[in-house]
Amino acid sequence: MSSESNGKKRATTGFYLFWVASMVGIVLISILFFYMGISSLQEGNTTDAILNIVMGVAGMGIAVKVAYDMAKARLAYQEEQQEILTELHCTSCGRKMLRAFREGDFVGRLSDQDKCPKCGAPMLVVSIFAKIPKKAKEKA
Amino acid sequence: MIQALGMKLMQTNQSDWFSWIFFLIFITIMQFYASKLQAQLWINEIRKALAKLEEYTNDATKKFVEEASKYGRSREEVESLFKRIKGFFVIQPVTLDPFGAVKRLEHLLESSRDHLNKFMLEIAPKADEWKRSNLRDQMAGVLALDMIYRIVRHYFILGRRTQNLIYIAQIQMLLPEILRIAKAYWKAGEAFRRGIPIGDSIGPMVALRLMNGAEPREVAEKIVGAEVDIEGRRAFVIKAKGPGSEVGRPGVAIERIVEGREGDVSLIIMIDAAAKLEGEPTAEVVEGIGAAIGDPGPEKLRIEEVATKYRIPLHAIAIKEDPLDAITTMREEIARSVDEVIERVKMAVRSKTLPGDFVLIAGIGNTVGVGNRMGGAS
């Protein structure tokens with residue numbers, strides 16, 4: 001079955017590598033701040049300890065946001081996929097069939113190219129629609 | 001090593017006089033330049049959106065030129081002709097004196113339709129009527145995209161030149177919605193190019209199913225209809241003439257049929273797609289009273305006038321959908337609502353009329369990808 005990308009450009013590998021590198025960098029710096037915060041706390045320097053722990057938490061927050069943005073960018077591409085389907089009914093036995101949309105299909109058309117797999121009678125186009133993936137539908 | 005680095009950082013983190021001076025300078029600068037910085041950030045956002053809009057417009061134009069050049073003209077000729085129609089507009093009639101404003105609007109809409117149809121004959125002389133109407137509406141989408149792009153660019157340039165936060169803010173705040181609309185127009189082009197039903201085609205799709213294979217006849221400009229039996233009543237079902245992209249003149253058709261029967265019509269049922277509110281489910285079928293038609297006015301007025309003249313009840317059945325779904329390829333749940341709508345039509349016919357009565361049923365909307373008779377063409 002054909003699918004449409006609807007022109008949305010897929011992000012390059014370089015783009016993902018950049019985001020992963022940024023995320024790893026931020027996580028490392030955050031851990032360092034945490035470590036410094038805990039060290040300060042043990043030394044009894046509460047002011048520095050609070051500041052460093054807050055910096056560590058903020059850094060972790062930024063890392064989560066970066067990861068979320070990256071996942072969103074990936075999902076945004078996947079959500080654009082949709083299939084255009086043609087639903088046909090057999091004019092004789094009423095059997096239903098779904099196939100990918102073909103140029104020239106329209107609702108009400110008696111299709112000579114599609115024969116009922118059960119009785120061989122011509123099939124009638126009863127509907128044409130876009131099937132949107134479940135995840136994208138839920139989001140919408 | 002990490003511990004040593006940590007100690008070093010802790011030492012440099014002390015609040016000395018230098019940090020305080022730096023902090024005060026920063027606050028002073030931000031006091032004066034915060035709005036400029038904000039404006040610059042928004043301008044950058046608009047610039048990005050503008051690039052996206054340009055991409056949509058160029059892509060839609062390219063696809064239109066490619067498609068139109070298959071029907072009797074070279075790419076260069078189509079491009080040159082398309083440049084001529086770019087920026088096409090219809091000036092709304094004056095409403096300072098409201099008398100006859102709808103008649104004047106109707107005339108302008110007719111002229112605009114004729115203009116575009118003649119233009120399509122020029123740009124794609126070898127295309128059949130069906131393809132020409134699809135091309136016309138594909139082009140209408142490109143023109144709408146071009147207009148959106150021009151408006152956003154106008155505010156972008158104006159905002160950048162004047163650094164006026166009001167100009168910039170009003171366009172920046174609308175950007176997500178503008179991009180959503182632009183994307184819908186861009187996607188709509190594909191549906192019209194391939195002749196796929198759009199969300200708005202649900203009315204004609206229901207009408208076609210109600211016609212149940214009966215032979216249709218043209219009852220008004222680009223409107224076909226057929227008489228069928230529904231629940232023991234004589235029902236005349238009308239829809240726009242497909243399967244090309246047409247909405248026809250349903251107002252004229254209803255007026256003509258009702259006047260032709262001297263008002264002997266027990267009920268008018270209108271089926272159309274309606275804009276859903278956020279939170280409402282897509283393809284929800286709802287009923288109401290009135291003329292269910294989303295035209296700028298003339299068709300609705302005709303229907304309301306003739307129904308009022310003969311005291312004919314107007315029953316409306318609406319299929320709720322996002323306004324942007326209405327112009328893009330029909331979603332599965334909308335297509336699946338046909339059976340429920342037919343059941344609602346039958347219920348309305350049973351409850352509001354008597355056996356033997358004459359009922360008029362109109363499937364309103366764009367009939368792209370929807371034929372005129374079930375099993376009528378192969």
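How many helices and strands does the secondary structure of chain A come to? Select chain A and look: there are three helices and four strands. Keep in mind on this tour that the model is predicted.

**Stop 1: chain A**

Colour chain A from its N terminus onward, and the elements appear in the order α-α-β-β-β-β-α. Now show the surface of chain A. Its accessible area comes to about 8100 Å², and 64% of that belongs to carbon and sulfur atoms. Of the 140 residues in chain A, 36% are buried. If you like contact maps, take the contacts in chain A with a separation of 6 or more: 55% of them join residues 24 or more positions apart.

**Stop 2: chain B as a whole**

Next, select chain B, with 11 helices and seven strands. Zoom out until the whole C-alpha trace fits: along its principal axes it spans about 95 × 55 × 50 Å. The radius of gyration of chain B is 28 Å, whereas a compact globule of 378 residues would have one near 21 Å. Buried residues make up 49% of chain B. Among contacts in chain B with a separation of 6 or more, 78% are between residues 24 or more positions apart. Switch on the surface here too: about 18900 Å² is accessible, with 57% belonging to carbon and sulfur atoms.

**Stop 3: the sheet in chain B**

Hide the surface and show the strands of chain B. In what order do the seven strands form the open sheet? Walking across, you pass β1-β2-β3-β7-β4-β6-β5, and the pairing is mixed. Strands β1 (217–220) and β5 (285–289) of chain B stand at the edges; each has a single partner strand, so one side of each is left without a neighbour in the sheet. Look along the sheet for its twist, which averages 30° from one strand to the next.

Stay at the β1 edge and select residues 223–230 of chain B, strand β2. This strand pairs with β1(B) in the antiparallel sense, over three bridges. To see a bridge, pick A220(B) and find its partner I223(B) in β2(B).

**Stop 4: two helices across the sheet**

Which strands of chain B does helix α7 lie across? Select residues 202–211 of chain B for the helix, then β2, β3 (233–240), β4 (267–275), β6 (314–321) and β7 (358–363), the strands it lies across. Helix α7 of chain B runs at about 140° to β3(B).

Finish with helix α8, residues 250–260 of chain B. Helix α8 lies across β1, β2, β3, β4 and β7 of chain B, and runs at about 95° to β1(B).

Notes:
Residues are numbered from 1 along each chain as its sequence is written. Chains are lettered from A and ligands numbered from 1 in the order in which they are written. This is a predicted model: local features need pLDDT of at least 70, side-chain atom pairs count only at pLDDT 80 or more; totals for chains, interfaces and linings use all residues. Side-chain values use heavy atoms; hydrogens and water are left out. Two strands pair if DSSP finds at least two bridges between them. Axes are lines fitted to C-alpha atoms, for helices over the stretch in contact, and angles run from 0 to 180 degrees between N-to-C directions. Contact means heavy atoms within 4.5 Å. Buried means under 20% relative accessible area, exposed over 50%, partly exposed in between (1.4 Å probe, protein chains only). Accessible areas come from the Shrake-Rupley method with a 1.4 Å probe; for residues, only the protein chains shown count as cover. The radius of gyration is taken over C-alpha atoms; the globule rule is 2.2 Å times the number of residues to the power 0.38.
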